[in-house]
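Colleague: Could you take a close look at the aromatic side chains here and walk me through how they pair up? I'd love one connected answer.

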Amino acid sequence: MKILNSQDIHAVDMATCESQKISSIELMERAALQVSIELISRFLPSQRFVVMAGPGNNGGDALAVARMLMEQGYRHVEIFLFNVTGKLSHDCDEERKKLIMIDGVDFTEVTREFTPPYLCENDVVVDGLFGSGLNKPLQGGFVAVSRYINESGAYVVSIDLPSGLFGEWNAEVNRRDIIHANLTLAFQLPRLSFFFRESAPVLGEWKLLDIDLDEEKIKDTPTDFYVIDEYNVASLLHSRDPFSAKRDYGSTLVFAGRYGMMGAAVMCAQAVLRAGAGLVTVHSPHCGMPILQTAFPEAMFEPDRNEHYITEMKLRHRHQAVVAGPGIGTNDATITALQDLLQHATMPLVLDADALNCIAIRPALLTMLPSKTIITPHVGEFDRLFGEHSSDESRLRTAIDMARQYNIIIVLKGHYTAVVRPTGRVYFNKTGNAGMATAGAGDVLTGIIAAFLSQGYKPEHASTIGIYVHGLAGDMAAGKYGQFGMVATDIVKYAGRAIRSLFESRKKNSLQL
């Protein structure tokens with residue numbers, strides 16, 4: 001699914017009207033109907049609604065919603081239209097004319113002074129002040145209105161976007177001035193700002209409403225931002241040949257573990273095989289041999305000459321993918337061993353955890369990363385590598401720059417894990433849940449990505465498939481154990497089932513076609 005900017009969304013709206021031979025106000029009515037249906041499904045007719053409409057088309061949406069609610073028997077609807085400049089958009093004015101024709105409508109047009117209505121936690125505010133048409137932060141009286149709504153405790157439903165929030169970048173915006181929605185109802189496509197942690201308090205729950213926008217125009221509109229969906233991932237997967245052997249699915253070498261941290265090596269190796277690789281070899285300090293061979297006998301073991309930590313990362317055999325990092329620590333000898341690996345590796349690499357911490361200690365290693373290396377930092381590891389950041393937005397901007405500069409793929413882990421490609425394209429993942437905030441989940445992700453590399457997938461595709469499968473397996477695990485009870489090895493257990501469900505989905509879709 002594409003993420004388009006506000007300007008492109010407007011162009012899609014216009015193309016929809018042209019291709020479907022409808023007016024812009026008919027499209028507005030379509031959007032308002034979907035919002036109304038959503039509200040009716042959530043609130044009883046006895047609910048009090050206070051509708052705040054601005055002078056633009058977002059305000060027109062809100063006025064149409066108010067009218068539709070009243071037509072469906074909602075009698076406690078109060079409407080405030082802010083027309084402080086005396087200029088309404090054409091469609092907003094048309095919706096105003098329809099609304100004031102209703103007998104007994106509780107309608108106030110604010111032209112100068114605004115006397116706020118009483119609001120409490122039992123009320124629902126419909127925010128239609130400013131949507132994606134906003135081109136500067138809220139100012140003056142609208143800041144006061146926003147803060148009044150936020151402080152009221154009322155349940156807030158924002159149409160399109162919470163007023164004051166831009167669809168893309170918000171670094172210069174004071175979020176105290178933005179209306180804080182409990183529910184944001186956007187149309188057809190998500191906005192980039194939806195995927196940043198700092199936007200969550202103002203977005204609340206967000207939901208996309210299908211208003212049948214022109215699919216051809218969406219398809220033809222270029223963008224660098226996408227949401228990974230089931231259909232896209234399923235279409236990338238390769239079916240297995242019944243006559244295949246284990247070496248057809250590749251060999252992965254995993255440099256992982258140290259004294260006291262062998263669990264990271266075990267979980268990563270398990271994930272490699274559970275996600276479909278044919279062979280996995282774990283290189284760990286000598287002390288890890290009995291642990292690895294007992295906990296996961298399917299893995300081969302290659303002992304380091306050191307008893308407690310890794311001191312060499314040699315490529316003695318041919319492997320289709322190499323992992324370095326889980327649990328290896330940051331001993332000087334380990335950092336030097338990693339440097340040797342980076343200087344001699346020719347196959348795809350996946351670097352995670354302590355491999356990234358080693359690079360942060362010796363930053364020159366960044367320049368040695370082989371082309372299309374995949375790194376999988378969480379927020380802390382990312383900031384250690386590339387400097388402190390105050391927001392997800394600024395972190396993503398840096399990730400885009402660094403992926404281009406070093407020609408690497410950055411898997412920036414979080415609630416919406418993002419795959420950042422060297423081309424500048426970004427793919428956000430929506431699978432996964434808060435139960436995956438548990439020790440070892442990152443080691444599992446690293447193993448899953450490496451498994452797809454081993455099976456011959458391009459690094460760009462391996463990382464994209466990997467994060468989706470990882471999140472889907474986590475959702476399945478949470479379904480059985482609950483978010484509080486699941487652990488990383490539960491994600492491993494469900495990796496194969498997650499992949500199977502994608503093949504089943506693909507088969508179902510092909511039959512429907």
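Modeller: Happy to! Let's start with a group: Phe80, Phe82, Phe114, Phe130 and Phe142 come together as one aromatic cluster. Please keep in mind that this is a predicted model. Counting ring pairs by centre distance, with 6.5 Å as the cut-off, the total comes to 17 aromatic pairs. One of them joins Phe82 and Phe114: the ring centres are 4.9 Å apart and the planes meet at 65°, so this pair is edge-to-face, given that planes over 60 degrees apart count that way. In sequence terms, the pair links distant parts of the chain. Phe82 belongs to strand β2 (residues 77-82), while Phe114 sits in the loop between β3 (106-110) and β4 (124-128), 32 residues apart. Phe82 has a relative accessible area of 3%, so this residue is buried.

Another pair has the other kind of geometry you may want to look at. Tyr226 and Tyr427 are stacked, with 5.0 Å from centre to centre and 10° between the planes; the cut-off for stacking is under 30 degrees. This pair, too, links distant parts of the chain: Tyr226 is in strand β8 (residues 225-227) and Tyr427 in strand β17 (residues 426-428), 201 residues apart. What about their exposure? Buried means under 20% relative accessible area, so Tyr226 qualifies at 13%, and Tyr427 counts as buried at 12%.

Conventions: Residues numbered from 1 in each chain as written. Predicted model: local features only at pLDDT ≥ 70, side-chain atom pairs only at ≥ 80, totals over all residues. Heavy atoms only, no water. Phe/Tyr/Trp six-rings, centres within 6.5 Å; stacked < 30°, edge-to-face > 60°. Helix = DSSP H or I, 4+ residues; strand = E, 2+ residues; numbered from the N terminus. Buried < 20%, exposed > 50% of the residue type's maximum accessible area, 1.4 Å probe, protein only.
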